[in-house]
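Hi,

Here is the structure I promised to pass on. Have a look at it first, and then read on for what turned up.

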Amino acid sequence: MVFLTSSVHLQFMLLLSEAILVFSPQSSLLGKAPRSQKTKVHWITMLVALVCGAAGDFAIWYNKELSNKPHLVTWHGQVGAITMGYVAVQCVAGSAQLYPQIVMKYVKLAQLKIMHATSGLCLLLLATASLVLGMYTNFFVSQVTGTSWYACMMCPLMLLLIITNQIKSNYLAQK
């Protein structure tokens with residue numbers, strides 16, 4: 001059960017990252033595709049990431065219920081729960097860009113895109129923090145030791161750095 005939840009959460013992180021990187025000009029998957037196609041792939045990938053994260057959280061909740069263990073007692077669990085709530089909010093907020101006429105009387109589309117990109121970066125930071133905190137759990141520390149642990153720690157941090165650079169150069173550098 002623990003392996004399943006770890007796998008689903010890793011899929012969540014990879015899908016979340018790919019959903020953001022789909023807009024990168026250097027993206028190998030959709031480099032020359034029109035923006036409308038990238039947008040569709042982005043929201044579908046985000047939706048699949050949300051489902052993977054929810055499935056992993058459900059498996060954890062169910063396992064804790066079976067074992068009569070308390071919920072959300074670790075930093076990893078608390079940050080993970082906040083992250084999943086934030087993913088849901090970000091998905092709903094991102095829908096406003098699919099139907100901008102709903103919010104156009106309150107905010108300009110360009111501002112909405114910058115707010116969504118900045119909020120997405122905050123979401124990725126939370127997801128990375130949750131993943132890194134998971135690397136300090138008893139299960140992970142007992143399974144991964146030595147140099148492998150440091151390699152596992154560097155992967156999400158490097159991914160965060162790459163995506164931060166992509167968002168900064170594509171969205172936040174604009175005036």
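Trp-61 is partly exposed, its relative accessible area being 40%. Please keep in mind that this is a predicted model. The ring of Trp-61 pairs with that of Phe-58 in a tilted arrangement, with 5.7 Å from centre to centre and 35° between the planes. Both residues sit in helix α2, and because they are 3 residues apart there, about one helical turn separates them. Tyr-62 joins Phe-58 and Trp-61 to make one aromatic cluster.

In total there are 4 aromatic pairs. Another of them is Tyr-136 with Trp-149: the ring centres are 5.3 Å apart and the planes meet at 70°, which is over the 60 degrees required, so this pair is edge-to-face. Tyr-136 belongs to the loop between α4 and α5 (138-143), while Trp-149 is part of helix α6 (residues 147-172), so the contact ties together parts that lie 13 residues apart in sequence. The two partners are covered quite unlike each other: Tyr-136 is exposed at 53% relative accessible area, whereas Trp-149 is buried at 14%.

You may also like the surface. Trp-43, Ile-44, Leu-47, Val-48, Val-51, Leu-98, Tyr-99 and Ile-102 make up a nonpolar patch there, together offering about 730 Å² of accessible area. Helix α2 (residues 35-67) supplies the largest share of this patch, with 5 residues. Ile-102 comes from the loop between α3 (75-98) and α4 (109-134), and it is exposed, with a relative accessible area of 56%.

Happy browsing, and best wishes

Technical notes:
Residues are numbered from 1 along each chain as its sequence is written. This is a predicted model: local features need pLDDT of at least 70, side-chain atom pairs count only at pLDDT 80 or more; totals for chains, interfaces and linings use all residues. Side-chain values use heavy atoms; hydrogens and water are left out. Patches are made of residues with over 30% relative accessible area and no salt bridge: like charges are joined within 9 Å, nonpolar side chains (Val, Leu, Ile, Met, Phe, Trp, Tyr) within 5 Å. Accessible areas come from the Shrake-Rupley method with a 1.4 Å probe; for residues, only the protein chains shown count as cover. A salt bridge is a side-chain nitrogen of Lys or Arg within 4 Å of a carboxyl oxygen of Asp or Glu. Helices (H or I, at least four residues) and strands (E, at least two) are DSSP runs, numbered from the N terminus. Buried means under 20% relative accessible area, exposed over 50%, partly exposed in between (1.4 Å probe, protein chains only). Rings of Phe, Tyr and Trp (its six-membered ring) pair if their centres lie within 6.5 Å; planes under 30 degrees apart count as stacked, over 60 as edge-to-face and the rest as tilted.
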